[in-house]
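Colleague: I would like a close look at a single part of this model, taken slowly and set in the context of the rest of the chain. Please start from the point I have marked and work outwards from there.

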Amino acid sequence: MDVKEQIKKVVDRITKDKNLQEQFQKEPVKALEGILGVDLPDDVINQVVQGVKAKLTADKVSDTVDALKGFLK
């Protein structure tokens, strides 16, 4: 399993669906297993959870920086 590919797939789905965002915040493992459609071993699912959290945080920071750049022009 390509963990990076799974992270990208999950991030794409979560960013487009507010209900998934809420579920991921409350129950990340359950949300990921639902999106991926498989029950993954704990070590794999934890890697994906951490990767998704990092990617979502990085995307939010990037959006904020872009907004500030536009504001300062």
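Modeller: The place to begin is Gly37, the residue that follows helix α3 and has a positive phi, near 75°. The part to examine is therefore the helix that ends just before this glycine, α3, which spans residues 28–36. The model is a predicted one, and some words on confidence belong at the outset. The mean pLDDT of the protein chain is 78, with 78% of the residues at 70 or more. Among the elements, α2 has the highest mean pLDDT, 89, whereas helix α4 (residues 42–72) has the lowest, 70.

As for the setting, the protein chain contains 4 helices and 0 strands, and its elements run α-α-α-α from the N terminus on. Of its 73 residues, 27% count as buried. Among contacts with a separation of 6 or more, 52% are between residues 24 or more positions apart.

Which residues of α3 are buried? They are Pro28, Ala31, Leu32, Ile35 and Leu36. Viewed down the axis of α3, these buried residues fall within an arc of 120°, so they line one face of the helix. The background to such a pattern is that an α-helix has 3.6 residues a turn, so residues three or four places apart point the same way. On the other side of α3, the exposed residues are Lys30 and Gly34. Lys30, which is found in α3, has a relative accessible area of 51%, and because the cut-off for exposed is over 50%, Lys30 counts as exposed. The C-alpha atom of Lys30 is separated by 9.7 Å from that of Ile45, a residue 15 positions away along the chain.

Two helix pairs that include α3 can now be described. In general, two packed helices are described by the angle between their axes and the distance between the axes. Helix α2 (residues 18–26) packs with α3 at an angle of about 135°, and their axes are 5 Å apart; the two helices are therefore oblique to each other. In this contact, Leu20, Gln23, Phe24, Gln25 and Lys26 of α2 meet Pro28, Lys30, Ala31, Leu32 and Ile35 of α3. The residues of the contact divide into 6 nonpolar, 2 polar and 2 charged. Lys30 is thus among the residues of α3 that meet α2, although Lys30 is also exposed.

The pairing of α3 with α1 has another geometry: the angle is about 100° and the axes are 10 Å apart, so α1 and α3 are roughly perpendicular to each other. Here Gln6, Lys9, Val10, Arg13 and Ile14 of α1 meet Leu32, Ile35 and Leu36 of α3, and the residues of this contact divide into 5 nonpolar, 1 polar and 2 charged. Leu32 and Ile35 of α3 meet α2 and also meet α1, and both belong to the buried residues of α3.

One further residue of α1 completes the picture. Val11 lies in helix α1, which covers residues 3–16, and is buried, because its relative accessible area of 4% is under the 20% cut-off. Between the C-alpha atoms of Val11 and Leu56 there are 6.9 Å, although the two residues are 45 residues apart along the chain.

Notes: Residues numbered from 1 in each chain as written. Predicted model: local features only at pLDDT ≥ 70, side-chain atom pairs only at ≥ 80, totals over all residues. Heavy atoms only, no water. Axes fitted to C-alpha atoms, helices over the stretch in contact; angles between N-to-C directions. Parallel < 35°, antiparallel > 145°, perpendicular 65-115°, else oblique. Contact = heavy atoms within 4.5 Å. Nonpolar A, V, L, I, M, F, W, Y, C, P; charged D, E, K, R; others polar. pLDDT = per-residue confidence, 0-100. Buried < 20%, exposed > 50% of the residue type's maximum accessible area, 1.4 Å probe, protein only. Arc of directions from axis to C-beta.
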